[in-house]
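Visitor: Hi! Could you walk me through the structure I have open here, starting with a helix and then the empty spaces?
Guide: Happy to, let's bring it up.

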Amino acid sequence: TDELGLEAGLAMHTARSRNDQIVTDMRLWMRARVVNLARLCLGLLQALIEVARLHVDSVMAGYTHHQHATISTFGHHLAAYAEAIRRIVQRLHFWYDTFNYSPLGCVTGFSTTFPIDRHYTAELLGCYGPEPNSIDPVTSRWEPEAELVQILAVLLAHLSSMAQTFILLSTQEFGVLKLHPRFCSGSSIMPQKVNPDTLEVMKAKAAEVTGRLHTLLTLGRAN
């Protein structure tokens, strides 16, 4: 208002409530992160496939219950994790298609009598169109967040499984892998030890995200 004048300042709040503005802001914020996360997952997918091709004939034991089961290859194991990441990308694509609609103009949930053009604002925001119902985006404002965190929880569960596999295979007892020192640290007192800290942090993050998913679902139920 100070910079553009009273008329422009007041127009900025025409047919807008904190409800639809916050829902819109969260949609835009999550949409940007979904696109970036999909890009990162595709990079990881490509890396896993490339290394899997290098080790398609690297014979190793296949383990069940941490015991020798049958003959496999290291490339086969890496390709399995690549498949899991591929499904994550598909879920992110589904999230984008489901929630890339503009809630702006829903106001408190009951729209407005002002002659606004919700299709035009949706176009400006890069959305497929406006939300078809004004009540749903406000009362379900927790759902896109929970859906995204669920995807993150599944992603971190796969990464945690991969991390645990790499940790086990790099131990002296298994002796299949050797972790690069860049991703490890030394012991504070035992010079012969190399600790897989990066992989252990991945496992811890998986537990944290799962806890946040439960919190979001609980908040949504109480809405």
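Guide: We'll take helix α3 and then the pockets and the cavity, bearing in mind that this is a predicted model.

Visitor: Sounds good. How many residues does α3 have, and how far does it reach?
Guide: Helix α3 covers residues 74-99, which makes 26 residues. From its first C-alpha to its last it reaches 38 Å, close to the 38 Å expected at 1.5 Å a residue.

Visitor: Which residues of α3 are buried?
Guide: They are F74, G75, L78, Y81, A82, A84, I85, I88, V89, L92, W95 and F99.

Visitor: Any background on helix geometry that helps me read that list?
Guide: Sure: an α-helix has 3.6 residues a turn, so residues three or four places apart point the same way.

Visitor: And what do the buried residues of α3 pack against?
Guide: Two helices and two strands: α2 (18-54) and α6 (143-169), along with β1 (59-64) and β2 (67-73).

Visitor: Switching to empty space. What volume does the largest pocket have?
Guide: The largest pocket comes to about 550 Å³. Helices α2, α3, α6 and α7 (197-221) each give two or more residues to its lining.

Visitor: Which residues lie nearest its centre?
Guide: Of the 20 residues lining the largest pocket, those are M162, F166, L179, F183 and L199.

Visitor: How does that lining divide by class?
Guide: The largest pocket is lined by 16 nonpolar residues, three polar ones and one charged one.

Visitor: Okay, what about the second largest pocket: what is its volume, and what classes line it?
Guide: The second largest pocket holds about 370 Å³ of space. Its lining has five nonpolar, five polar and four charged residues. There are 14 lining residues, and S170, T171, Q172, K193 and V194 lie nearest the centre.

Visitor: Now for closed space. How many cavities of 30 Å³ or more does a search of the whole structure find?
Guide: The search finds one. The largest cavity has a volume of about 40 Å³.

Visitor: Which residues line the largest cavity?
Guide: R27, L28, R31, W95, F99, N100, Y101 and C127 do. You have met two of those names already, since W95 and F99 are among the buried residues of α3.

Visitor: Which element gives the largest share of that lining?
Guide: That would be α2, with three residues. Both α2 and α3 supply at least two residues of the lining.

Visitor: Last one: how does the cavity lining split by class?
Guide: The lining of the largest cavity has five nonpolar residues, one polar and two charged.

Methods: Residues numbered from 1 in each chain as written. Predicted model: local features only at pLDDT ≥ 70, side-chain atom pairs only at ≥ 80, totals over all residues. Heavy atoms only, no water. Helix = DSSP H or I, 4+ residues; strand = E, 2+ residues; numbered from the N terminus. Expected span 1.5 Å × (residues − 1). Buried < 20%, exposed > 50% of the residue type's maximum accessible area, 1.4 Å probe, protein only. Contact = heavy atoms within 4.5 Å. 1 Å grid on protein atoms, 1.4 Å probe; cavity = no way out; pocket = protein on both sides within 12 Å on 5 of 7 lines; lining within 4 Å. Points joined across faces, edges and corners; volume = space filled by probe spheres on them. Nonpolar A, V, L, I, M, F, W, Y, C, P; charged D, E, K, R; others polar.
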